Amino acid sequence: LRSVELARIRALAEIDADKQFSQAQKDKLRNQVEALAERERERVEFQRKTQVERDAADIAEAKYRTEADDLRSQLDITDNRQERRKLAFDLLDLEYRYQKATLESVIASEASSKVDKERARIALAGLDTAQAGKRTTTAREFASPGQRYVSDLRREAENINDAFEEAAVNGLDRLNQGLADRDRKSVV
């Protein structure tokens with residue numbers, strides 16, 4: 001910004017010192033120099049904001065990676081199932097918070113394009129659903145033997161119900177087919 005200001009001052013001084021231009025020409029050139037300087041200041045300010053956003057994103061990612069690595073290390077060395085389950089959920093929650101913050105920063109960013117912002121909005125809308133699925137998977141992974149048994153029973157009950165329902169539908173189909181065949185024979 002300092003160099004833009006120095007260039008603006010130098011250009012204005014050169015215009016004022018030039019004896020070949022009329023006052024109207026000098027005024028027009030001064031306006032052009034001011035407009036050019038303003039556009040250049042806006043460009044520099046945009047680059048500065050973009051760099052600040054990039055730096056903030058880099059710091060957030062470094063913090064996330066450090067915390068995630070720490071949780072993974074704890075998870076690797078812990079033998080207690082309950083503690084491992086808690087650490088796995090802590091890791092999921094950390095990942096969720098990081099992803100949410102990243103998407104929200106893209107949406108709020110002045111440097112992001114409209115397409116990037118829309119992609120971030122779509123991803124943010126599906127983030128809760130994805131997180132719920134990951135939590136369910138993690139709960140299953142760290143379930144106790146009793147919890148697994150109850151879950152398997154429920155699944156088996158659903159499979160048995162499906163099998164009974166399928167047998168009933170197949171029986172009705174055969175009955176309908178038999179009635180249709182009998183009607184065709186009686187018509188002939």
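Of the 188 residues in the chain, buried residues make up 17%, a value that belongs, like every other one here, to a predicted model. The chain holds five helices and zero strands, and its elements, read from the N terminus on, follow the order α-α-α-α-α. The radius of gyration of the chain is 35 Å, whereas the globule rule gives 16 Å for 188 residues, and because the value is well over that figure, the chain is more spread out than a compact globule. The C-alpha trace spans about 115 × 70 × 15 Å along its principal axes. Among the contacts in the chain with a separation of 6 or more, 56% are between residues 24 or more positions apart.

A reader following the chain from its beginning comes to helix α1, which covers residues 2-17, and the axes of α1 and α2 come within 10 Å of each other and cross at roughly 175°. Angles over 145 degrees count as roughly antiparallel, and α1 and α2 are therefore roughly antiparallel to each other. On the side of α1 the contact is made by V4, E5, R8, A11, L12, I15 and D16, while α2 brings to it K26, L29, R30, V33, E34, A37, E40, R41 and V44. Sorted by class, the contact of α1 with α2 has eight nonpolar residues, eight charged residues and no polar ones.

One residue of this contact can be followed more closely, namely V33, which is found in helix α2. Is V33 buried or exposed? Its relative accessibility is 17%, and because buried means under 20%, V33 counts as buried. When residues up to four places away in sequence are not counted, V33 touches R8, A11, L12 and I15. Between V33 and A7 the distance from C-alpha to C-alpha is 9.3 Å, although the two are 26 residues apart in sequence.

Helix α2, which runs over 23-77, also takes part in the largest nonpolar core, for α2 and α3 each supply at least two residues of this core. The core has nine residues in all, and these are Y64, A68, L71, L75, L87, A88, L91, L94 and F142. In soluble globular proteins, nonpolar side chains tend to be buried together. Within this set, L75 touches R84, L87, A88 and F142, again without counting residues up to four places away in sequence.

Between α2 and α3 there is a loop, and D79 is found in it. With a relative accessible area of 76%, D79 is exposed, since exposed means over 50%. The C-alpha atoms of D79 and E141 are separated by 14 Å, and these two residues are 62 residues apart along the chain.

Beyond the loop, helix α3 (residues 81-108) packs with helix α4 (residues 114-141) at an angle of about 175°, and the axes of the two helices are 9 Å apart. That angle makes α3 roughly antiparallel to α4. The contact of α3 with α4 has, by class, twelve nonpolar, three polar and eleven charged residues.

Helix α3 also contains Q99, which has a relative accessibility of 27% and therefore counts as partly exposed. Which residues does Q99 touch, not counting residues up to four places away in sequence? They are L127 and K134. Q99 and A123, for their part, are 24 residues apart in sequence, and the distance between them is 9.3 Å from C-alpha to C-alpha.

Methods:
Residues numbered from 1 in each chain as written. Predicted model: local features only at pLDDT ≥ 70, side-chain atom pairs only at ≥ 80, totals over all residues. Heavy atoms only, no water. Axes fitted to C-alpha atoms, helices over the stretch in contact; angles between N-to-C directions. Helix = DSSP H or I, 4+ residues; strand = E, 2+ residues; numbered from the N terminus. Parallel < 35°, antiparallel > 145°, perpendicular 65-115°, else oblique. Nonpolar A, V, L, I, M, F, W, Y, C, P; charged D, E, K, R; others polar. Core = buried A, V, L, I, M, F, W, Y, C linked by side-chain atoms within 4.5 Å. Buried < 20%, exposed > 50% of the residue type's maximum accessible area, 1.4 Å probe, protein only. Contact = heavy atoms within 4.5 Å. Rg over C-alpha atoms; globule rule 2.2 N^0.38 Å.
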